[in-house]
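User: Please give a close account of a single helix in this model, covering its geometry, its charged pairs and its packing. Definitions with their cut-offs would be welcome.

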Amino acid sequence: MRELGNVLERAAILARGATIAVADLELAASRPAAPSSAEGVVPWDEAGRRCIGAALRASGGKVHGPGGAAELLELKPTTLQTKMRKLGIDRADFVPRRR
């Protein structure tokens, strides 16, 4: 859990925009954190929402199984679901709408 927290924190700092992309997570996991100012720092829960949202968008709203958000975040699906519930994240908001 501590390592996930560190990766999320680094991703929030290294993100190149308003949201954390999967690429930001990969960068955060592979590089040591660079010193930064307080500018651009977001609250912990917001960083978690952004991270989980990015993973859900990348997986098309899929939580479980190969290519699912849990796999992308290297979490057990039940752990991800618990975090989503705690943060008020609805998977349906990330499922592509059919025409």
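Analyst: Helix α3 has 15 residues and reaches 21 Å from its first C-alpha to its last, close to the 21 Å expected at 1.5 Å a residue. The expected span is 1.5 Å times one less than the number of residues in the helix. Helices here are DSSP runs (H or I, at least four residues), numbered from the N terminus. The model is predicted: local features need pLDDT of at least 70, side-chain atom pairs count only at pLDDT 80 or more, and totals for chains, interfaces and linings use all residues. Residues are numbered from 1 along each chain as its sequence is written, and side-chain values use heavy atoms, with hydrogens and water left out.

The charged pairs come next. The structure holds 3 salt bridges, a salt bridge being a side-chain nitrogen of Lys or Arg within 4 Å of a carboxyl oxygen of Asp or Glu. In one of them, Arg-50 meets Glu-46 at 3.3 Å, N to O; both residues lie in α3, 4 residues apart, about one turn of the helix. Arg-49 also forms a salt bridge with Glu-46, with the closest N and O atoms 3.6 Å apart. Here the two residues of α3 are separated by 3 residues, again about one turn of the helix. Glu-46, Arg-49 and Arg-50 are thus linked in a network of salt bridges.

Accessibility is expressed as relative accessible area: buried means under 20%, exposed over 50%, and partly exposed in between (1.4 Å probe, protein chains only). Within the network, Glu-46 is partly exposed at 29%, Arg-49 is partly exposed at 33%, and Arg-50 is partly exposed at 23%.

A further salt bridge joins Lys-86 and Asp-45, whose closest N and O atoms are 3.9 Å apart. Because Lys-86 lies in helix α5 (residues 77-87) and Asp-45 in helix α3 (residues 44-58), this pair ties together parts that are 41 residues apart in sequence. Lys-86 counts as exposed, at 64% relative accessibility, while Asp-45 counts as partly exposed, at 34%.

The buried residues of α3 are Ala-47, Gly-48, Cys-51, Ile-52, Gly-53, Ala-54, Ala-55 and Leu-56. In soluble globular proteins, nonpolar side chains tend to be buried together. A nonpolar core is defined as a set of buried Ala, Val, Leu, Ile, Met, Phe, Trp, Tyr and Cys residues joined through side-chain atoms within 4.5 Å. The largest such core has 22 residues, and those with the most contacts inside it are Ile-20, Ile-52, Leu-56, Leu-73, Leu-80, Met-84 and Ile-89. At least two residues of this core come from each of α1 (2-14), α3, α4 (69-72) and α5, and α3 gives the most, with 5 residues.

Contacts of Ile-89 show how this packing involves the helix. With contact meaning heavy atoms within 4.5 Å, Ile-89 touches Arg-49, Ile-52, Leu-56, Met-84 and Phe-94, not counting residues up to four places away in sequence. Arg-49 therefore appears both in the salt-bridge network and among the contacts of Ile-89, and it counts as partly exposed.

Finally, α3 is followed by Gly-60, whose phi is positive, near 70°.
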